Structures are given as structure tokens and as C-alpha cells.
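Hi,

Here is the structure I promised to pass on. Have a look when you get a minute, and my notes follow underneath.

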Amino acid sequence: MTEKRVNSNRIATRIDELSYCSEPTAGGVTRLSFTKEFQMAQKLVEQWMNEAGMTVRRDDLNNLIGRYEGKNPHAPVILIGSHLDTVIEGGKYDGMSGIVAGIEIVAVLHNSGIVLENPIEVIAFCDEEGVRFHSTFLGSKAIAGTLTEEELQVVDENGISIASAIRNIGLNPLNYKNAARDSKDVLAYLELHIEQGPVLEEEGVACGVVTGIAGASRYSFRIEGFAGHAGTVPVALRKDALAGTSELILEIERLAKEYAPIVATVGKLTVNPGSSNVIPGEVIGTLDIRDTNEQRKNEVLKQIFQSCEEICTRRGLQCHFDKVMEAAPILCSDSIISVIESAIQKNNMRVIRLISGAGHDAMAMADLTKIGMIFVRCTKGISHHPDEHAIPADLGLGAEVLLDTVLQLTKNETIVKEKI
Ligand code: GLV
Ligand code: MN
Ligand code: MN
């Protein structure tokens, strides 16, 4: 039996504590980037990072970074991270598990007086979910050096740009490039995350290793019709933007089923002018589409755009799609997968390999360095929902695997030398 080193209850308690840093919504956790709830969460994380022997800084894109110095401060750093933001009425484990587990393993090292050759940095990323601006990975892209000035001009539904939101919390958006890291200063990026799917539960195993992450695209669309009186205009003569959108959504669902396992979601609609007695004149919506197969995703997108044209022409509507985010599918590093697999075995578990359908900061970090991900079983695979849950023992085991992975990486000459 492997000796347990991490404190599972502390991990679970901290995840609970973070869940109180939320807007007062009906259920679950709502913590969007650049808000006061987010700053409250950062304060807690900063305190825990300090207690674990880390020096803490906030970079120019509002990522919080704790550093546990290595024997050799110039050795490439092992980055461990996940995101501190949530979806609206989301769960408390998505993102937070990876941050808290990262802090926990540093606490174990610190409390045991162990200093590794390589420095470790734990990162609480600023915006992975992309709820407010619809574009994702703001923090991790800034660190990977792939964020562009153009992306900072994207606006939320109140017309506030990312750049203004950054300025409003006291940072200068023009400094965003300072957050970028140099790949030669980084050894690897590791992320622990709840699975957000049912596989580990079905297999009866607490943790698994991720081999790759599906690619994702996000679009915003606008369908324009003609508003009018809901009592006087015969239905056959209307240009109802919402009726046309409804037809489009059903077509998207049909195509996604036909091309399974692709997934496509219209998750948000704004109906204008938005009155019960006015025919909808305009609908603004979002489309999120994901697949491990880029070619299939592009084919389905092509068909969605064609169907949209056809529906709108027939109904006398106008439509327009804008791409707001594109992340190609990525593969995790084979060498890190092997290290995680041996860490899983060391912790007396069967190795289960998984593909992630959900997006993760690791996708953006793959442009900077080799990445590895550990998934932790979650109840019934529920996520992006208030009922999201993972048991303390599983989170603890995941953290043990993370710790063994880090210990192995600092010793593994091949990985130290291997280029991405
Ligand atoms: C993030 O959780 C995403 O997959 O959208
Ligand atoms: Mn999420
Ligand atoms: Mn997540």
C-alpha cells in the first residue's frame, strides 16, 4: 500500500470554501473573471499558497501564480494549474480541484522539508470558461504567449471589452505580453481536473490519464427578422427571428446526431426586442461545437452554415456568424502520459486512458510546453451543474498521483531534455 501524504479533507474543505465566493445565484457557483467574487477567491488561494511555502504574484492578465523555489532556481519550472472562474450556476470542482490539489502537493513537499531540483509554480488561471466574453483561455493563452491584442477588444453583452475589464481591476491591458513565459524556462504543464463524464465511475477507478483533448470552436450568430405586433400580423406573413432560430437549432441537433460523436450546443440566446406581445425581430445566439476530428467538425460547420442560409432565405431572415474562439484538438505528451500511468499504478489503480471532450487550460498551454492531465472520477459524470461532485478520497488519490508525477518528472532526465 502506498503511504498517503496528501490531506484529502483539506482539499475538499478548501473547494467548499471557494464555492462561497460566488454571485448570489439560485444554485451552484457563479464566479466570473474580473469580478469581486473572483478577487475574493484569489485572496483565499493566495493565503493557501503562502501557507504552503510559495511566493505569490499576480501577472498582467490576472492569473495568480504561487512559486515553490527549486534547488536550482534556473532549472525549468513545472507548472501546475487550472481555472478559478466558473460557468453560471456551475459546480465547485470544475477548475478548483486542480488549483487546490496543486497547492496541496506543494504543502506536502514544504511540510516535509523537501526541495526539488526544479521550481514548481501553481497557477490559478483567470478565465477558462469564457462565460462573459465567450472567448476562452484568456489567462493560459497569455502565459503561453498566444493571446493577441485583437482578442482583448472582444466585448461582453454590455459592450465592455476584455481590455476595459482588465483596466477596471487595476491592471494595464497593454502589459498583457508580460504574462508570457519562455518555453525554455518551462519543463511541463500538469493539470488535475474532474472528469466531467461518466467513464471513471463506470470503470470503478478514482483517477485516469488523459491522452488528448477534443478541438472546439465557438461562434456568435445573429438572425435578423422583422419585429411587429403579436396580435395583428398573420403568422404566415411574419419574419420571426426566433422561429427561424428554433428551426436552425433543431437542424444543428440533427447534424450532431448524424455525425456523432461530434457535439454541438446552442447555449445562449438573446431575443430582441423581448416582449410577449412583439414578434421577435432579432436573435443573438452562441454555437459551441467540438470534436477530436477536425475535418468532421469543419464538415458539420459547413452544413450548419448552409442550412442556416436555406432556413433564412425561406423565411425572409438575414443571418450572420462570427467565430469567437478556435482551439485545435491536442494530444498530451506521451512521456508524461507514461509517468502519470506509473503514478496511477503506484497508487494501486488500474490505468484508464481517456479523451477529454471538455476544454481545459492545458489546450492553450500545449503551445508553450508538454502537457499532462489527470482526471478524477466525479459522481454520475455531472458537471457544469450545481450537483457536480467528487468525493474527498478520489480528490486525494488524484493529488497523490499528481505528486508522484511531479517527483518523477524532476528526476526524469529524458523528459528534462526532450523538446516539445
Ligand atoms: C470548459 O469547461 C469547456 O469545456 O467549455
Ligand atoms: Mn468548465
Ligand atoms: Mn474546467
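R218 has an N or O atom in its side chain that sits 3.3 Å from an oxygen atom of ligand 1. Keep in mind that this is a predicted model. The side chain of E129 also takes part, with an N or O atom 3.0 Å from a ligand 1 oxygen. For G359 the backbone does the job: one of its polar backbone atoms is 2.7 Å from an oxygen of ligand 1. Taken alone, ligand 1 has 190 Å² of accessible area, and the protein covers 93% of that.

Who else is around ligand 1? Besides E129, R218 and G359, you'll find E128, R290, A358 and H384. Sorted by class, that shell comes to 4 charged, 2 polar and 1 nonpolar residues.

Now for the metals. Which protein atoms hold the manganese ion that is ligand 3? Its protein donors are NE2 of H83, OD of D94 and NE2 of H193, at 2.0 to 2.2 Å from the ion. Along the sequence, those donor residues follow the spacing H-x10-D-x98-H. D94 does double duty, as it bridges ligand 3 and the other manganese ion, ligand 2, with the two ions 3.5 Å apart.

D94 and H193 also tie together distant parts of the chain, being 99 residues apart. D94 lies in the loop between β3 (77-83) and α3 (96-111), while H193 belongs to strand β5 (residues 186-194). Are these two buried or exposed? Both D94 and H193 are buried.

Cheers

Technical notes
Residues numbered from 1 in each chain as written. Chains lettered and ligands numbered in written order. Predicted model: local features only at pLDDT ≥ 70, side-chain atom pairs only at ≥ 80, totals over all residues. Heavy atoms only, no water. Near = heavy atom within 4 Å. Polar contact = N/O pair within 3.5 Å; in protein donor to acceptor, adjacent residues only side chain to side chain. Areas by Shrake-Rupley, 256 points an atom, 1.4 Å probe, with all protein chains shown as cover. Nonpolar A, V, L, I, M, F, W, Y, C, P; charged D, E, K, R; others polar. Donors = N, O, S within 2.8 Å, 3.2 Å for Na, K, Ca; no water. Helix = DSSP H or I, 4+ residues; strand = E, 2+ residues; numbered from the N terminus. Buried < 20%, exposed > 50% of the residue type's maximum accessible area, 1.4 Å probe, protein only.
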